[in-house]
There are 2 protein chains.
Amino acid sequence: MTKRAPTSADVARLAGVSQTTVSQVLNGKAGVTRISPDTRDKVIEAARQLGYTPNHAARSLRERRTKLIALILPTIDNPYFSDVVNAAQEAARESGYAVAVIPIRAGEEFRVSSLLQGAACDGIIVAGHDNCSSPELNLLRARGLAVAVLQEESPDPAISSISVDLAEGGYLATRHLVGLGHRRIGHVTERLRPAAEGRSRMDGYRRALEEAGIPFDGDLVVVTENSMGGGAAALDRLLLAGGERPTAAFVYNDQLAVGVLSQLRARGLRVPGDFAVVGFDGLAIGAFTAPPLTTVDSPRGALGRLAAQTLIRAIEEGAAVGEAHRLPVRLMVRGSCGALEHPAP
Amino acid sequence: MTKRAPTSADVARLAGVSQTTVSQVLNGKAGVTRISPDTRDKVIEAARQLGYTPNHAARSLRERRTKLIALILPTIDNPYFSDVVNAAQEAARESGYAVAVIPIRAGEEFRVSSLLQGAACDGIIVAGHDNCSSPELNLLRARGLAVAVLQEESPDPAISSISVDLAEGGYLATRHLVGLGHRRIGHVTERLRPAAEGRSRMDGYRRALEEAGIPFDGDLVVVTENSMGGGAAALDRLLLAGGERPTAAFVYNDQLAVGVLSQLRARGLRVPGDFAVVGFDGLAIGAFTAPPLTTVDSPRGALGRLAAQTLIRAIEEGAAVGEAHRLPVRLMVRGSCGALEHPAP
DNA sequence: TTGAAAGCGCTAACAT
DNA sequence: ATGTTAGCGCTTTCAA
């Protein structure tokens, strides 16, 4: 425990060369023929023998970069992020970066994590987080951090954003329900956030309704907490909505949809017979609900990969203007809506 | 972007004091009256004005510690870890540490994450990970990293371990089923790992069986992949087992149990009428399955908190011998087993 | 009460 | 082909 980790100076001593040479050998860009094969071998052997690993703090201090990316999530209890994180990590690794996941609950300030301070990392990806629009993000940027937001609107044109086509997803989901003959279609959603015109799930929902000549009814939009329990509660409120009882709902995400499905069961309503449900995300759980959940599949891996790549480009090239990527989604039909009566083109 | 972050020298210049003084003021242990209130104010104001944050790399290099803990998880797609992570993070924060979550898939080597190298962090918590027993852990320890393992056996007496009483959980779950009159009780489990005698879920399962005078039948133990799909597949294999068809199963975790429940439905078996199921973990999803899942609740928050606290103690006090904590579990009765015929004492 | 100086381990510009 | 030297930004003796 008290044992000091070996330094490059230790390696140099053992190999009988200067410390510079050690550094040169170990970081040697291929092609630069600075080092004789002989010393090269001596150094490498000495390093191996000592189990030498370059000190991260020293290198970061010297190079003014850490090769570390922080990935901020609101919570890790939604498996949605699992594929995103894995893909981001893999893409980052290809460029020599490590990814640290930092769950920061909605409402909490980013600065709770000291990892984001004092250039402890080179860039951050903020994923599906309320605070994306927070001025804190610009503060971090001002300190030299590269920033990309994932699954949210970019608060600043200089900040890249990588997201899926939420509106298209909402449209596909709702059109599917319309195509099955539903006219009273509810929408269960998480707390609404300011989003660019026409970019949200709900915008797609409204567009599909409009296209079908169904008037939008605000009573059928239920805002709830983003959890399974929130979905269950929302279903009850939806059933109580004024006017004719809805026969279907497009739900913000699969986690909420699991709660909706469960509550429909509790209320004695049959799915899809009495009520149809479409979720959003394409989580594994959707294949195991009763009935299996029709949902909008989101390209999570591509999202994570692209986020990492975009961020790393921003770190290394210092682009002044952000990129905006929007990835396509697709409808994933399972059992929670019944069969199509009028298949869409 | 090109903007350099302000350093303590910048603050010193602005405040008209030496850089040493800035450091003294900003880190001043309360009580040490080295600094006049006047300079104090000047420095603090200057720092505020510049938005100064101490450089993490420089400080780490100088102090030979990073105040950073890595939390290694096999995957973040099991919400089990969500509470663990949050609690660990909160506990760490109380001691001024940040926690970075690093998902490293089972089978992958720890060194894939450069965060674990070169003293980039002060300690690591390895949670529910296959590779816990890997010699890599001892390598990291040899380099001065503090290590704690969570939810697994400690591979070395010097490494602390924090876990729940798996055997007790297995016992409670199985005894519950026995108490309801079941005699043919299956066990669905993830790939078996070497574990200390009498410490696994299956040990508890066997003990409950034995206590009830039910002979252990290896055909009723099905090993499967740790996923919902794995649970579904396992159920099919369980139904095909030799001898009389089992009427119940104790399942390794809730994620697998969701798959089991789903497959029972697919096979037309009613739960709990035809088949009873007990899970393990106490996840939120269990309240929303059809029917709601009886499970063994694990104290996830306490686990995470204790892991962080234990690790930080090891970091700061360099204890040579690890602690072993084992936390109690409790049975959480919901609908997947029916009512008790013979309530257990 | 304050400042000057050393040095953490590393990379890179500049000798040799 | 290799070594010397100068910092990166910080904390911490040691002097004043």
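Strand β5 of chain A pairs with strand β11 (residues 324-327) of chain A in the parallel sense, over 4 bridges; strands here are DSSP runs of E with at least two residues, helices are runs of H or I with at least four, and both are numbered from the N terminus. Pairing takes at least two bridges found by DSSP. All of this comes from a predicted model, where local features need pLDDT of at least 70, side-chain atom pairs count only at pLDDT 80 or more, and totals for chains, interfaces and linings use all residues. Residues are numbered from 1 along each chain as its sequence is written, while chains are lettered from A and ligands numbered from 1 in the order in which they are written.

On β11(A), A:A324 sits opposite A:S161. A:S161 also faces A:V149, and strand β4 (residues 146-150) of chain A runs parallel to β5(A), joined by 3 bridges. So how many of the residues of β5(A) (160-164) are buried? The count is 5 of 5, buried meaning 20 or more other C-beta atoms within 10 Å of a residue's own, with C-beta atoms placed from the backbone. A:S160, A:I162 and A:V164 are on one side, and A:S161 and A:S163 on the other. In a regular strand, side chains alternate between the two faces of the sheet.

Turning to the DNA, 26 residues surround strand C, with A:T7, A:S8, A:S23, A:N55 and A:A58 the closest; near means a C-beta atom, placed from the backbone, within 6 Å. Helix α4 of chain A gives the most to this surface, with 5 residues.

How values were computed: A residue is buried if 20 or more other C-beta atoms lie within 10 Å of its own, exposed if 12 or fewer, and partly exposed in between; C-beta atoms are placed from the backbone.
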